[in-house]
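Here's a quick look at a core and at one strand that belongs to it. Have the viewer open as you read.

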Amino acid sequence: MSWSTEAPNEMDAESRFREGGCRCGQLRFQFTGAPLITLACHCRGCQRMTGGPYSTSVTVPTGRFAVTAGQAVIGGVGDPAMHHHCPKCFSWVFTRMEGWSFVNLRTSMLDDPTGLDPFVETQTADRLPFATTGAVRSFKGFPDDAEWPELMKDYALASAGRAPWTTGINP
Ligand SMILES: [Zn+2]
Ligand SMILES: [Zn+2]
């Protein structure tokens with residue numbers, strides 16, 4: 001995938017950050033600035049890996065994401081290597097693939113996920129009957145690569161002014 005990973009709010013990128021970690025606390029990470037988008041995925045793989053009805057993601061450019069403690073191991077389907085887990089408690093903490101310019105970190109791993117509700121939901125064809133996400137945009141499968149820039153623009157507009165990174169959380 002090749003969309004632009006310019007932050008919608010680059011001025012904040014250096015000064016605002018959020019932290020998160022796995023269930024046991026051995027694997028910790030942080031990211032700075034505004035996300036590119038927030039997601040929920042209803043696919044069967046995400047259901048099985050999370051043990052919940054869907055996975056949640058915050059998408060950030062690779063350069064604004066850092067593992068700050070511990071070292072992730074590859075789990076999930078493993079090939080291609082993309083699902084990064086804690087080596088001790090095996091929480092599925094983030095997804096990153098060779099060649100990606102972004103990381104999808106699990107929203108549920110954040111110490112404070114306030115304001116990062118899913119904006120887009122994917123794979124609703126597999127949605128469990130009781131599962132609702134509150135996402136603004138729904139896709140039966142995944143959006144085409146060409147659709148992401150527009151979705152990110154919509155997300156930036158929708159989150160402007162109400163997101164915690166503009167009001168000084170973890171300043
Ligand atoms: Zn852990
Ligand atoms: Zn999925």
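A residue counts as buried if 20 or more other C-beta atoms lie within 10 Å of its own, as exposed if 12 or fewer do, and as partly exposed in between, with C-beta atoms placed from the backbone. This is a predicted model, where local features need pLDDT of at least 70, side-chain atom pairs count only at pLDDT 80 or more, and totals for chains, interfaces and linings use all residues. Residues are numbered from 1 along each chain as its sequence is written, while chains are lettered from A and ligands numbered from 1 in the order in which they are written.

Start with β3; strands (E, at least two residues) and helices (H or I, at least four) are DSSP runs numbered from the N terminus. Five of the five residues of β3 are buried, so the rest of the structure largely encloses this strand. Ile 37, Leu 39 and Cys 41 point one way, Thr 38 and Ala 40 the other.

What does β3 pair with? Strands pair if DSSP finds at least two bridges between them.

| Partner of β3 | Sense | Bridges | Example |
|---|---|---|---|
| β4 | antiparallel | five | Thr 38 with Val 58 |
| β10 (residues 120-122) | parallel | three | Leu 39 with Val 120 |

Now the largest nonpolar core, meaning buried Ala, Val, Leu, Ile, Met, Phe, Trp, Tyr and Cys residues joined through C-beta atoms within 7 Å. It has 26 residues, and Ile 37, Val 60, Val 93 and Leu 105 touch the most other members. Elements giving two or more residues include β3 (37-41), β4 (55-61) and α2 (148-159). The largest share, four residues, comes from β3.
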